[in-house]
Amino acid sequence: MSNTTDVVIIGAGAAGLMCAIEAGKRGRNVVIIEKSEKIGKKILISGGGRCNFTNRTVTRQNYISRNPHFCTSALSRFTPHDFISLVEKHNIAYHEKKLGQLFCDDSARQIVEMLHSECLQHNVHIHTDTEVHTIEKTDETFTVHTSNGTYTTQSLVIASGGKSIPKMGATGFGYTIAKQFGLKIIEPVPALVPFTFTNFPFSEASGASLDVEIECNGTTFREYILCTHKGLSGPAILQISSYWNHGDAITINLFPDTNVHALLTEHHTSKTELKNFLSPYLGKRFAEIWCELYMPSKPLAHYTHKQIESIATQLQHWQLLPTGTEGFAKAEVTRGGVDTNELSSKTMEAKHIAGLYFIGEVVDVTGWLGGYNFQWAWASGFAAGQYV
Ligand SMILES: Cc1cc2nc3c(=O)[nH]c(=O)nc-3n(C[C@H](O)[C@H](O)[C@H](O)COP(=O)(O)OP(=O)(O)OC[C@H]3O[C@@H](n4cnc5c(N)ncnc54)[C@H](O)[C@@H]3O)c2cc1C
């Protein structure tokens with residue numbers, strides 16, 4: 001089977017679907033090729049099944065990229081408000097959970113159905129169960145070889161995502177294609193991912209959740225950490241993991257709203273044991289393990305001033321050295337990808353390969369937790385959709 005079409009988009013994820021809708025609106029003949037049996041698989045599992053589809057406030061500061069300015073153009077041309085309007089047009093009820101994060105009231109399936117119905121309305125052809133194997137370029141035409149025949153097109157969009165969750169079919173396909181055409185890649189690494197530790201001492205406090213301030217390489221977040229059997233997870237850890245490189249320490253303030261030195265000094269005459277004093281703040285098991293590790297528990301009155309100072313420092317500047325992360329198997333996104341210096345920020349087209357576009361997670365633009373990654377997928381898909 002051989003098809004000739006105006007636009008071929010590889011990947012029916014958030015970015016590919018949005019690009020197809022926009023190109024379809026312009027009357028372009030669009031085919032999406034998707035290797036899975038269904039479209040929008042990551043959307044379906046996102047946000048715990050309710051899809052955190054955007055954030056009320058989106059700025060370039062919410063993204064990590066070798067070129068921090070690259071994302072500004074696309075984000076300003078398709079804003080959270082634009083996506084919210086689409087959601088409202090389809091009568092999808094939604095709510096803000098916290099920190100501007102918008103979720104469906106009911107199910108992430110509604111977002112996939114919305115995108116599918118927009119695709120149908122704009123005559124987009126979606127070919128699922130079709131895997132792209134290789135791509136060739138001759139003069140101005142791309143030939144796309146798939147498990148179901150060959151496609152030829154002048155505009156080829158790579159929307160094949162990153163490497164996170166290989167179980168769901170994620171591969172490095174987009175990077176292979178980028179390299180084939182001589183584009184540079186910023187090394188893809190797992191991001192928004194839990195940390196692991198060798199012999200994690202707090203595994204017995206697994207399930208404990210603490211509101212903390214966390215810092216790594218000059219970036220700080222205020223969110224929750226969660227103790228797991230293997231190490232630390234929770235939104236604060238996922239956020240900071242995107243700024244972490246192997247060998248870096250992370251610093252946690254377990255009392256982000258309190259001057260612990262002043263608090264302990266105020267209670268310095270108390271007969272309460274340290275672990276019992278800390279329990280209401282940190283939870284019983286966590287407080288016990290913390291004392292076993294850092295300061296044998298005894299009545300507060302028995303500590304010297306120097307020890308009180310050291311306890312306070314340890315609680316507010318708790319330094320940890322993660323061994324690693326849970327890797328792509330558990331990472332929500334991939335940091336790194338196609339170097340943005342290779343792409344036009346206006347069109348997402350490769351600067352030196354006419355007709356070749358990269359959008360979504362395959363590009364070196366990585367959002368924070370909280371709807372920012374979908375907003376990048378929508379915005380970069382929208383941008384390319386105006387030009388393909
Ligand atoms: C568990 C989880 C929860 C998440 N929750 C949120 C959230 O609530 N909010 C948020 O903003 N972000 C969330 N994310 C991140 C978000 O899902 C991604 O950033 C986003 O889906 C990226 O969209 P994309 O279109 O670039 O890539 P993808 O959604 O990964 O789509 C790429 C598509 O390309 C297809 N493909 C790949 N290779 C080929 C090939 N060779 N041939 C044919 N097809 C191919 C894949 O099958 C896939 O369908 C979450 C991620 C995970 C893993």
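**Two helices, two domains and a ligand shell**

Good morning. I begin with helix α6, residues 173-180, in which Phe173, Gly174, Tyr175, Ile177 and Ala178 are buried. Please bear in mind that the structure before you is a predicted model. Several strands help to cover those buried residues of α6: among them are β8 (132-138), β10 (149-158) and β11 (185-191). Strands β19 (333-338) and β20 (356-358) also belong to that cover. Just after α6 comes Gly182, with a positive phi of about 80°.

The second helix I wish to show is α9, which spans residues 274-282. Which residues of α9 are buried? They are Leu274, Lys275, Phe277, Leu278 and Leu282. Viewed down the axis of α9, these buried residues fall within an arc of 155°, and they therefore line one face of the helix. As general background, an α-helix has 3.6 residues a turn, so residues three or four places apart point the same way. The cover over the buried residues of α9 includes strand β13 (209-216) and helix α10 (284-294). Gly283 follows α9, and its phi is positive, near 90°.

Let me now turn to the chain as a whole. Its secondary structure comes to 12 helices and 21 strands. Of its 388 residues, 47% are buried. The C-alpha atoms fill a box of roughly 80 × 45 × 35 Å along the principal axes. Among contacts between residues at least 6 apart in sequence, 73% join residues at least 24 apart.

The chain is divided into two domains: domain 1 comprises 2-190 + 333-385, and domain 2 comprises 195-325. Their centres, taken over C-alpha atoms, are separated by 39 Å. Where the domains meet, 6 residues of domain 1 are in contact with 5 residues of domain 2. On the domain 1 side of that contact, the residues divide into 4 nonpolar, 1 polar and 1 charged.

I close with the ligand. How many residues surround the ligand? There are 37, and the closest are Gly11, Gly13, Ser46, Gly161 and Gly360. By character, the shell divides into 15 nonpolar, 15 polar and 7 charged residues. Three helices, α1 (14-25), α2 (41-45) and α12 (372-385), each supply at least two residues of this shell. Which element gives the largest share of the shell? That element is α12, with 4 residues.

Thank you for your attention.

Definitions and conventions: Residues numbered from 1 in each chain as written. Predicted model: local features only at pLDDT ≥ 70, side-chain atom pairs only at ≥ 80, totals over all residues. Near = placed C-beta within 6 Å. Nonpolar A, V, L, I, M, F, W, Y, C, P; charged D, E, K, R; others polar. Domains from an automatic or database assignment. Contact = placed C-beta atoms within 7 Å. Buried ≥ 20, exposed ≤ 12 C-beta atoms within 10 Å, placed from the backbone. Arc of directions from axis to C-beta.
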